[in-house]
Amino acid sequence: MTNCTDVCGSARATAAPAETKTPGFTRRSLLRTAAIGLAALGMSSVASTAMAASKKITVCKTTAIKVGGANIFSPKGGLPVLITHPKAGVFRAFSPYCTHQHVPVGHIEGSNVICDQHGASFSTDSGKVNRGPATTGLPKYTVTVSGTSVIVTF
Ligand code: FES
């Protein structure tokens, strides 16, 4: 307890703030350091997840899918992927699982990929739903062509 009469002229006693000291650190500085460390760990985790998520894998040759066709591949080191070839030289890559009940899509009808389970239809070019019961399009992957290789970024 200190008397603040010396400082402010009031006779009211004030309690001195109790502070726990750790040699070289205050409690506040330790908490701040811990928070910064946790944030750094979080950033590191996000960065490593992003790096793991961007893996480029050659899935097939361009000649493996005729124009207007599609096929499901299971590339080594990647995930199952539906590659479509909606126009000459244009390849698309999607998750091969119907967004209605997560079963593999079944076949192609014109410019649509059809799920044989309940009949949902997805565009071979955009993956968007053209007919339900699915309400969400097929998730897309980035696909590039290098020479005659179709490469998907997982
Ligand atoms: S699981 Fe594909 S339409 Fe139902």
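Strands here are DSSP runs of E with at least two residues, and helices are runs of H or I with at least four; both are numbered from the N terminus. The views below show a predicted model.

**Figure 1. Overview of the chain and its strands.** The chain contains 14 strands and two helices. Of its 154 residues, 17% are buried. Among contacts with a separation of 6 or more, 34% link residues that are 24 or more positions apart.

**Figure 2. The loop between β8 and β9, with H102.** H102 is placed in the loop that lies between these two strands. Its phi is near 60°, a positive value in a residue other than glycine. H102 counts as exposed because 9 C-beta neighbours lie inside 10 Å, and a residue with 12 or fewer is classed in this way.

**Figure 3. The six-stranded open sheet.** The strands follow the order β5-β14-β13-β8-β7-β6, and their pairing is antiparallel. The edge positions belong to β5 and β6 (70-73); each has a single partner strand, so one side of each is left without a neighbour in the sheet. On average, and with direction ignored, neighbouring strands of this sheet are turned by 30° against each other. At one end of the strand order, β6 and β7 are joined by four bridges in the antiparallel sense. In this pairing, I72 stands opposite L82 of β7.

**Figure 4. Strand β14 and its pairing with β5 and β13.** On one side, β14 runs antiparallel to β5 (residues 56-61), and five bridges join the two strands. Here T58 is the residue opposite I151 of β14. Five bridges also connect β14 to β13 (residues 140-146), again in the antiparallel sense. Within that pair, T142 faces T153 of β14. The hairpin formed by β13 and β14 has two residues between the strands, and G147 adopts a positive phi near 65° in this hairpin. The two faces of β14 differ in cover: V150 and V152 make up the covered face, whereas S149, I151 and T153 make up the uncovered one.

**Figure 5. The largest nonpolar core.** This core comprises 20 residues, of which V81, L82, I83, A93 and A120 touch the most other members. Two or more residues are contributed by each of β7 (81-87), β8 (90-94) and β14 (149-153). In soluble globular proteins, nonpolar side chains tend to be buried together. With residues up to four places away in sequence left out, L82 touches A70, I72, A93, F94, S95, P96, V105, V113 and L138.

**Figure 6. The surroundings of T84 in strand β7.** T84 belongs to β7 and has 26 C-beta neighbours inside 10 Å, so T84 counts as buried; the cut-off for that class is 20 or more. Apart from residues up to four places away in sequence, T84 touches A70, R92, V113 and T124. K66 is 18 residues from T84 along the chain, and their C-alpha atoms are separated by 8.9 Å.

**Figure 7. The four-stranded open sheet.** Its strands are arranged in the order β9-β10-β11-β12, with antiparallel pairing. β9 and β12 (129-131) are the edge strands, and each pairs on one side only. Neighbouring strands of this sheet are turned by 35° against each other on average, direction ignored. β11 (residues 121-123) and β12 run antiparallel and are joined by two bridges. Across this pair, F122 stands opposite V129 of β12.

**Figure 8. S111 in the loop between β9 and β10.** S111 occupies the loop that lies between β9 (107-109) and β10 (112-114). S111 is partly exposed, since 16 other C-beta atoms are found within 10 Å. Leaving aside neighbours within four places in sequence, S111 is in contact with P86, S123, T124 and D125. Although S111 and S123 are twelve residues apart in sequence, their C-alpha atoms are 6.0 Å apart in space.

**Figure 9. The cis peptide bond between G132 and P133.** The bond that joins these two residues is cis, with omega about 20°. P133 is situated in the loop between β12 and β13.

Note on methods
Residues numbered from 1 in each chain as written. Predicted model: local features only at pLDDT ≥ 70, side-chain atom pairs only at ≥ 80, totals over all residues. Core = buried A, V, L, I, M, F, W, Y, C linked by C-beta atoms within 7 Å. Contact = placed C-beta atoms within 7 Å. Pairing = 2+ DSSP bridges. Axes fitted to C-alpha atoms, helices over the stretch in contact; angles between N-to-C directions.
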